[in-house]
Amino acid sequence: MLRYFFKLALVAVVAQATTPDNVSSRLMVHIPHSLFKEEGYDHREALFGVPPYGGSIAQNVYYADSDLCDPNVDTSKGFPERPKREDNGQQEPWPSPYILMVDRGGCTFVKKVRNAQRSGAAGVIIADNTCLCSDSECVANSNMPTCETAEPIMADDGSGSDISIPSFLMFKRDADAVKTELQANRPVQIEMAWALPSPDDRVEYDLWTVPTDVVSRDFLKKFKNAAVALGDHAYFTPHMYIYDGVRSHCVGNDGENMCYNLCTNNGRYCATDPDNDLEHGISGADVVKESLRRICIWKHYGEQDGVGQEWWNYIIEFMERCNSPDFFMNDDCVKDAYKHSHVDQALIDGCMKDSGGLDKDASNAFLDLEITSQTERGVVVLPTAFVNTAAIRGSLSVNNVFTAICAGYSEGTTPTICAQCANCNDPSSCIANKGKCSSSLNGGGSSDSVSKHTFLTSMFMVVALFSGLGFWHWKRTREEMRDQVRGILAEYMPLEDQGDGGVGGGGDDQGGM
């Protein structure tokens with residue numbers, strides 16, 4: 001039954017994958033001008049890697065002429081052709097920085113991009129090898145007998161946390177045109193750009209996760225300071241991912257729960273078993289219950305201001321005290337988390353009951369809202385964060401999400417904490433230090449930044465040093481000038497004395513005659 005539920009859940013996710021996400025990226029071809037499109041090119045953005053939100057990468061493109069599934073990338077091949085080296089007769093490597101175009105197929109998207117990253121690429125364009133069925137011209141000119149109804153989602157295969165460069169999937173007809181230029185040894189320059197929607201002076205951001213998700217734990221433990229520092233300049237909404245038990249056929253025709261302890265409400269709301277053991281440990285129904293609890297805590301302590309310090313406090317306390325199979329649903333442990341986070345247990349218990357509860361064969365209003373929201377948003381991968389409705393790519397880290405939030409403000413409305421910390425190498429430490437940044441970024445490189453006290457002290461020392469050197473040089477020069485004057489006087493004064501004595505002596509002698 002567990003395998004059956006997992007299979008149904010996967011089908012539901014694949015169905016949702018056809019829902020287009022709110023693409024915040026842009027793909028442009030600047031050279032040659034014949035391929036320039038003012039509106040840019042259709043593409044799919046990878047759900048892994050770390051894009052430079054608010055920035056862009058514009059570089060020459062090199063076609064690897066390979067699917068790049070072999071980790072030993074031969075950088076001497078591909079197009080356009082480069083001069084050959086005298087020592088081995090092979091082409092010069094792709095000159096950095098560059099964007100690498102590789103063919104789709106043969107291995108996962110993650111593996112291709114990882115190999116490209118190791119070769120030194122700043123970004124990757126994966127050229128699709130299958131036409132869209134809706135593109136009649138592409139289908140007519142293609143030698144492949146099949147087509148696809150939609151472009152694939154560039155999902156993470158579970159190992160993409162080490163990838164730091166961005167990547168796009170370019171549709172076949174457009175990619176073929178670029179490859180034709182490159183194989184003719186003509187230069188092509190592509191720009192990959194990212195911009196978050198900036199509607200006003202308040203950024204809205206969302207997080208989709210589940211209470212047992214391992215990846216989001218570090219973020220949930222550390223992001224509270226950033227949420228508080230942003231204050232009313234940002235509005236946070238946490239979401240709990242709930243599987244639709246009705247859609248997954250966990251509700252039997254006779255009202256029986258067909259998915260055992262994976263679901264509540266007689267099969268209506270479900271979650272995967274975190275330890276894959278239906279007999280022991282944490283069950284899917286336990287995960288659903290904790291999800292509803294967190295939804296209610298947010299309703300009462302965070303929905304009004306969008307910050308929710310008590311919600312963050314509860315999450316941190318729960319993870320420290322109850323995040324184990326023995327204590328996950330232990331009432332005493334949950335009460336202890338309530339107490340230390342200053343959350344009213346009676347208020348939350350009433351909220352969970354009033355929303356529809358979890359025991360009866362009935363709907364729960366809050367869980368229904370979560371299912372509807374995740375379907376409309378097209379959530380595919382967990383955890384997933386959105387900033388101004390745009391999905392955030394790359395690792396779910398404090399620095400990545402905070403930087404994306406700061407890039408989402410309209411011009412002139414960026415809060416002070418963003419100006420102080422968004423460009424730091426470690427925004428998280430800057431936020432903890434109340435806006436004091438120890439280092440900042442400059443165009444992808446880094447340079448040290450110092451505090452005002454250190455700067456003034458250093459300047460005083462430099463001024464004092466140069467003043468001392470100046471005084472010493474002035475004193476030495478004055479002494480040298482005095483010595484020179486004395487030397488001149490010593491040289492000419494005897495001659496003057498001798499001349500005066502000769503005249504006077506002659507007169508005396510003549511007077512004597």
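**Notes on the seven-stranded sheet and its surroundings**

1. Strand 3 and strand 7 run antiparallel to each other, paired over five bridges. A handy landmark here is Ala58, whose bridge partner in strand 7 is Glu191. Please keep in mind while reading on that this is a predicted model.

2. Where does the pair sit in the wider sheet? Seven strands make up an open sheet with mixed pairing, in the order 1-7-3-4-5-6-2. Its edges are strand 1 (25–31) and strand 2 (43–45), each of which pairs on one side only. On average, and with direction ignored, neighbouring strands of this sheet are turned by 30 degrees against each other.

3. On the other flank of strand 7, the partner is strand 1, with the two strands joined in the antiparallel sense over six bridges. Within this pairing, Arg26 stands opposite Ala193 in strand 7.

4. Glu191 deserves a look of its own. This residue belongs to strand 7 (residues 189–194). Which side chain of opposite charge is nearest to Glu191? That is Arg26, 6.5 Å away; Glu191 is buried and has no salt bridge. With a salt bridge requiring a side-chain nitrogen of Lys or Arg within 4 Å of a carboxyl oxygen of Asp or Glu, the 6.5 Å to Arg26 does not qualify.

5. Glu191 does have a polar partner, though: its side chain makes a polar contact with the side chain of His30, at 2.7 Å. Leaving aside residues up to four places away in sequence, Glu191 touches Arg26, Leu27, Met28, His30, Ser56, Ile57 and Ala58. If you plan to assign protonation states, these are the neighbours to have on screen.

6. Moving along the sheet, strand 3 pairs with strand 4 in the parallel sense over three bridges. Here Tyr62 stands opposite Leu100 in strand 4. Strand 4 and strand 5 also run parallel, joined by five bridges, and Asp103 stands opposite Ala127 in strand 5.

7. Why is strand 5 described as largely enclosed by the rest of the structure? Because five of its five residues are buried. Both of its faces are covered, with Gly123, Ile125 and Ala127 buried on one side and Val124 and Ile126 buried on the other.

8. Helix 2 (residues 109–119) is mostly covered, with eight of its 11 residues buried. The buried set consists of Phe109, Val110, Lys112, Val113, Arg114, Asn115, Ala116 and Ser119, so you will find charged side chains such as Lys112 and Arg114 in that list. These buried residues pack against strand 4 (99–103), strand 5 (123–127) and strand 6 (167–170). Just after the helix, Gly120 takes a positive phi of about 110 degrees.

9. How is helix 2 oriented on the sheet? The helix lies across strand 4, strand 5 and strand 6, and runs at about 140 degrees to strand 5. Helix 4 (residues 172–183) packs on the sheet too, touching strand 3 (56–63), strand 4, strand 5 and strand 6, and its direction makes about 65 degrees with that of strand 3.

10. Finally, some context for the chain as a whole. The protein chain has 15 helices and 16 strands, and 43% of its 513 residues count as buried. Among its contacts between residues at least 6 apart in sequence, 68% join residues at least 24 apart.

Notes:
Residues numbered from 1 in each chain as written. Predicted model: local features only at pLDDT ≥ 70, side-chain atom pairs only at ≥ 80, totals over all residues. Heavy atoms only, no water. Helix = DSSP H or I, 4+ residues; strand = E, 2+ residues; numbered from the N terminus. Buried < 20%, exposed > 50% of the residue type's maximum accessible area, 1.4 Å probe, protein only. Polar contact = N/O pair within 3.5 Å; in protein donor to acceptor, adjacent residues only side chain to side chain. Contact = heavy atoms within 4.5 Å. Pairing = 2+ DSSP bridges. Axes fitted to C-alpha atoms, helices over the stretch in contact; angles between N-to-C directions.
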